[in-house]
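Please open the model in your viewer and keep the selection panel at hand, since this tour moves from one selection to the next.

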Amino acid sequence: MEIQCKLCNSNFLKTNKVVHAISHSGLIIFECGFCPKKFTHMNTTIVRKHILNQHKNPGEPINYDNYKDNRKALKEQIEEWKERCFPTK
Ligand SMILES: [Zn+2]
Ligand SMILES: [Zn+2]
């Protein structure tokens with residue numbers, strides 16, 4: 001099932017709703033644990049790729065989960081943006 005974003009009129013699969021709303025918000029969802037880089041996209045793959053490309057030394061183990069997850073702290077704001085893009089009323 002597809003739904004339309006009210007802000008940009010693009011169509012999305014319902015399952016991508018939150019990810020898309022966050023892309024409008026500019027909220028900092030993840031922060032790298034090794035450097036000050038911030039991520040405004042709700043995609044842990046992008047964060048892990050960044051850690052692999054920027055912070056992994058050959059032959060040394062690295063903790064891919066060393067990033068800050070702000071999703072809980074931003075819950076209310078995320079809900080607001082969801083409502084802005086895909087109003088339920
Ligand atoms: Zn949109
Ligand atoms: Zn980093």
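Before the first selection, one term is needed: two strands count as paired if DSSP finds at least two bridges between them. The model is a predicted one, and the stops below should be read with that in mind.

Begin by selecting residues 30-32, which are strand β3, and then add β5, with which β3 pairs in the antiparallel sense over three bridges. Within this pair, pick out Phe-30, which stands opposite Asp-69 in β5.

Now extend the selection to the whole sheet, an open one of three strands in the order β4-β3-β5 with antiparallel pairing. Its edge strands are β4, at residues 38-39, and β5, at residues 67-69, each of which pairs on one side only.

Next, select residues 44-55 to bring up helix α2, which lies across β3, β4 and β5 and runs at about 5° to β3.

For a wider view, colour the chain by its domain assignment, which gives domain 1 as 1-27 + 74-89 and domain 2 as 30-68. The C-alpha centres of these two domains lie 25 Å apart.

Finally, select residues 75-85, helix α3: which of its residues are buried? They are Ile-78, Trp-81 and Cys-85, and because they cover an arc of only 65° around the axis, they sit on the same side of α3. Turn to the other side of α3, and you will find Lys-75, Glu-76 and Glu-79 exposed. To see part of what covers the buried residues of α3, add residues 17-25, which form α1.

Conventions:
Residues are numbered from 1 along each chain as its sequence is written. Chains are lettered from A and ligands numbered from 1 in the order in which they are written. This is a predicted model: local features need pLDDT of at least 70, side-chain atom pairs count only at pLDDT 80 or more; totals for chains, interfaces and linings use all residues. Helices (H or I, at least four residues) and strands (E, at least two) are DSSP runs, numbered from the N terminus. Two residues are in contact if their C-beta atoms, placed from the backbone, lie within 7 Å. Axes are lines fitted to C-alpha atoms, for helices over the stretch in contact, and angles run from 0 to 180 degrees between N-to-C directions. Domain bounds come from an automatic or database domain assignment. A residue is buried if 20 or more other C-beta atoms lie within 10 Å of its own, exposed if 12 or fewer, and partly exposed in between; C-beta atoms are placed from the backbone. The arc is that of the directions from the helix axis to the C-beta atoms.
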